[in-house]
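The turns below ask why certain labels apply to this model. Each answer sets a value against its criterion.

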Amino acid sequence: MIDLTINGEERSLDVDGEMPLLWALRDVAKVKGPKFGCGIAACGACTVLVDGAPTRSCVTPMETVEGAQITTVDGLAVGETLHRVQEAWIAEQVAQCGYCQSGQIMSAVALLNEVPNPTDEDIDDAMSGNLCRCGTYPRIRAAIKRAAEQNSAVKPETVEG
Amino acid sequence: MGKILRRTFLIGTAAIAGGVAFGAYKVLETPENPLEAKRGSGENPFNPYVTITDNDVVSVYVPRSEMGQGVATTLVALVAEELDVPVERIRTLIAPASDAYFNSTMMHELVPFGHLDRGVLAQSSRAATRAVGKIFGIQATGGSSSTRDAFEPMRRAGAAARETLKLAAAEQFSIAVDRLSTADGAVELPDGTRLTYGSLAQAASALEPPTDIELRDPSTWTVLGKSQPRTDMRAKVTGAPIFGMDVDLPDMLYATIKMNPRLGGPMLSFNAREARKVRGVIDVIDISRDGEPFGGGFAVVAQDTWTAFKAAELVDVEWGEAPYPSTTDAIMEQIGDALDNGSGFHPRNDGDVDTAFADARRDRVIEARYQVPYLAHATMEPMNATALLSADGERLDIWAGTQAPTIALEDCAHEAGVAEENTFVKITYLGGGFGRRVEVDFVRYATRIAKAFPGRPVKTVWSREEDMTHDAYRPAAMSSWRALLGDDGVPVAIDARIACPSIMKSALDRFYPSLFAVGPDSSIAQGAYDQPYSVENYRVSDIIADVAVPVGIWRSVGNSYNGFFQESFIDECAHAAEMDPLDMRLALMKDYPTAQAAIKKVADMARWSAPATPGRAKGMAFTLSFGTWVAQVVEVESRDDGIAITNVWCAADSGRVIDPGICKAQLMSGIVFGLSSALGQAITFEDGMVQETNFDTFDAMRIDQCPDIHIELLENADHMGGMGEPGTPPSIPALANAIFALTGERVRSMPLSDSMDFV
């Protein structure tokens, strides 16, 4: 049994310690937001926050996240109220097929937590590990900037790590 | 209509004509409405697209697969425009697999006539394919056809529902129907009373709709022609479980497969002793079948996906040989041999090319050879499907992100030995398609594995490695070109030879092995023979290279490489003639004002004629594909550590635009897809095995490489074009031409990264 907190909920999962966090989330905890894309941390579709840090869950063994706080895209909204990054994604109509967007959004959330007003270079650095085969990058960039503006317009908020 | 008829459509135009003669009566018949089954459960079906519940839930069933191209929004908007219900109030559902959702427009691409050919033979062949799509009930998403195909029937579905709702109100209140109006989901009586659609739905859905409904004039549209918020956006930003990968059923098992990495080769032996010892492994089964073009292999069934992946690595297996040359060099040699020695057919043969060149001055002749590699689709979501065969073996359910639901249904029913009427395919959202999900392999394997566990759903997920090394690849292709320049520099003769494995033949082997492909495959020369360039003597040879690597439909198909071949060559001609590439194209396009307008527009947008920014250069290209005229300019910059792509300008004319926001998104997507391939993608073979296994060796453009993309839509064209694919073909040559302008180096072989570094 490995204990951890997933989107604010304490869970105890009966899994092999070597099982990647991604598959424990998807197949065991039934949290489907993080997506399987590559299994080698090359595409970013599986990105989640582990104690606030953006992490490729497909290469993160469960034994390394015992007791950790996991946030996935499924846990960003508070009730019906979406996170400002999600709102910005809707405003810019970012997603096409949408499969990579869970990971894109989590990387963007992590970036904005760290750098409230990112430059283009900051966005490149934080987001280049997230592949999008639909090529939504220009709209991703616009959405991050929009969310950053929202951030400075209202009080900075913290996202549960 | 049984299997035999459905299977004949793929063979070619001759068989298409035969099919129409055979089934003419069928064209007049209305296919059964698959939504009739919902009548008992509170939904009142008006037609195969629209249901309305008594409590005012209006549902639209989208007959195409949503893979990012926005059909779950645009096709809903078509209904909304006529039904007078706002898009955001409509419940959007993906329709199930059914003959009622046949796609007739996609078949147009099968006829060997270019978009510009509006002659009697070309038009009657297109009319025949339209009927064929209906007869054979091919429900498929591809060929940039969804909006074009739905434009009439889905507006008509909305209008028919609206008019029957009015009829029901007229009957109920004994008022003449022409005194009623509709707005915002209700029928309005002359005194202002509003009757919601739900209150009328039961009665209305039982009525025959009037046959003389006139669709609304575009000048009165309030929904169409405007950008709509995507109906699936909220689901996609909240991580909702909408993809095939996310299917989760009670008591479900998880499987993965491993097929011979030498594509099509047999599995000689396998030993699963170690794999079976892994905790959570339920079984390891041989899933090879004789005569199947996918070759041999096995499946591991387990309690979770990761256990299946892990155990698959422990199986000791001996793989047989591949049915094609074992290295890329040997394969390209075979294609080159076809190019030099093969005979082909001529989808374009204007004037007298041989005579023109026989009399030519050597210094006026330009010659070049080009080649492109195999490419994987590499959809973000690896192949997967879930299947459930009932305990009694009588019913089969499939959940899959397929682009070809009725083909999948037929294939899976046959695989499971279940009647087609007892087989149900539920189409999930697709994590990318690009043509890969037209294939049947992933649904067939899911069914085969589930057949071993009757009564239990089995989700079969491919590893990324399995996905990338077992694709139906964009074929490698080679071409040779020569042009004779006239006195004004503009070519008076062009002779193009294009050699490429046949997608049609390869697909037929996979889908319908009992049939043989006969005759030419016009997709080989697609994007070269059908362009709006007037040259007195113009011949295109379409040559099949016989290589058994599985090849398939990849975003823009033949246009993806012929755009590069032809537009690079036109650029070479322009430079040889010391002409501006813009002027060269305008001269060649003299008979096609739509094409000229697109290229002039993009030249304006890109400030083509202004002095170049120091260290930067621009390249231009044009491709007409899937009915859409697309001109692009790519700008590159020389930097210390390599070349950067800084800007892309794109002017696209698809005729009437239904949703500008989604159209621009599609063009942007097509551009990034094309540039990604040029920047560094190639599928190569060693020892018969694909060497690129994951995104570390087969990458795509990342956000830090992505240029600023500027798109303008034109509406001059007189036929509606598609949007999913036409952005891709010109992006690749525009980049290659920009690099020539920047460096003086003409790269004639893809990917460009073999010849230079990119940042």
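Q: What makes the contact of Arg437(B) with Glu381(B) a salt bridge?
A: The model is predicted. The closest N and O atoms of Arg437(B) and Glu381(B) are 3.5 Å apart. A salt bridge requires a side-chain nitrogen of Lys or Arg within 4 Å of a carboxyl oxygen of Asp or Glu, so the label applies.

Q: Why is this pair said to tie together parts that are apart in sequence?
A: Arg437(B) lies in the loop between strand S17 (423–427) and helix H14 (441–451) of chain B, while Glu381(B) lies in the loop between strand S14 (365–372) and strand S15 (384–389) of chain B, so the pair joins parts 56 residues apart in sequence. Both Arg437(B) and Glu381(B) are buried.

Q: Which residues are joined into one network by salt bridges that share partners?
A: The network consists of Glu82(B), Asp84(B), Arg162(B), Glu163(B), Lys166(B) and Arg216(B).

Q: What makes Asp350(B) and Arg348(B) a salt bridge?
A: Their side chains meet at 3.0 Å, N to O. The limit is 4 Å, so the pair counts.

Q: Why is Arg348(B) called buried and Asp350(B) partly exposed?
A: Arg348(B) has 12% relative accessibility, and buried means under 20%, so Arg348(B) is buried. Asp350(B) has a relative accessible area of 30%, which falls between 20% and 50%, so Asp350(B) is partly exposed.

Q: How do you know that Asp16(A) and Lys310(B) form a salt bridge?
A: Their closest N and O atoms are 3.9 Å apart. That value is within 4 Å, so the rule accepts the pair. Over all chains, the count by this rule comes to 52 salt bridges. The pair crosses between chains, from Asp16(A) in the loop between strand S2 (9–13) and helix H1 (21–28) of chain A to Lys310(B) in helix H10 (residues 305–312) of chain B.

Q: What makes Asp16(A) and Lys310(B) partly exposed?
A: Asp16(A) has 30% relative accessibility, and Lys310(B) has a relative accessible area of 26%. Partly exposed covers values between 20% and 50%, so the term fits Asp16(A) and Lys310(B).

Q: How many salt bridges does the rule find across the interface of chain B and chain A, and what area is buried there?
A: The rule finds seven. The two chains bury about 4600 Å² between them, 60% of it on carbon and sulfur atoms. In chain B, Trp306(B), Met380(B) and Ile703(B) lose the most area to chain A, together 19% of what that side buries. The contact takes 62 residues from chain B and 54 residues from chain A.

Q: Why is helix H3 of chain A said to be largely enclosed?
A: Twelve of the 14 residues of H3(A) are buried, so the rest of the structure largely encloses this helix. Among the buried residues are Ile105(A), Met106(A), Val109(A) and Leu112(A).

Q: What makes Ala472(B) buried?
A: Ala472(B) has 2% relative accessibility, and the limit is under 20%, so Ala472(B) counts as buried. Ala472(B) sits in the loop between helix H15 (464–469) and strand S19 (477–485) of chain B. Not counting residues up to four places away in sequence, Ala472(B) touches several residues, including His377(B), Arg436(B), Glu439(B) and Arg510(B).

Notes. Residues are numbered from 1 along each chain as its sequence is written. Chains are lettered from A and ligands numbered from 1 in the order in which they are written. This is a predicted model: local features need pLDDT of at least 70, side-chain atom pairs count only at pLDDT 80 or more; totals for chains, interfaces and linings use all residues. Side-chain values use heavy atoms; hydrogens and water are left out. Buried means under 20% relative accessible area, exposed over 50%, partly exposed in between (1.4 Å probe, protein chains only). Helices (H or I, at least four residues) and strands (E, at least two) are DSSP runs, numbered from the N terminus. Contact means heavy atoms within 4.5 Å. Buried area is the accessible area (1.4 Å probe) that two parts lose on being put together, summed over both.
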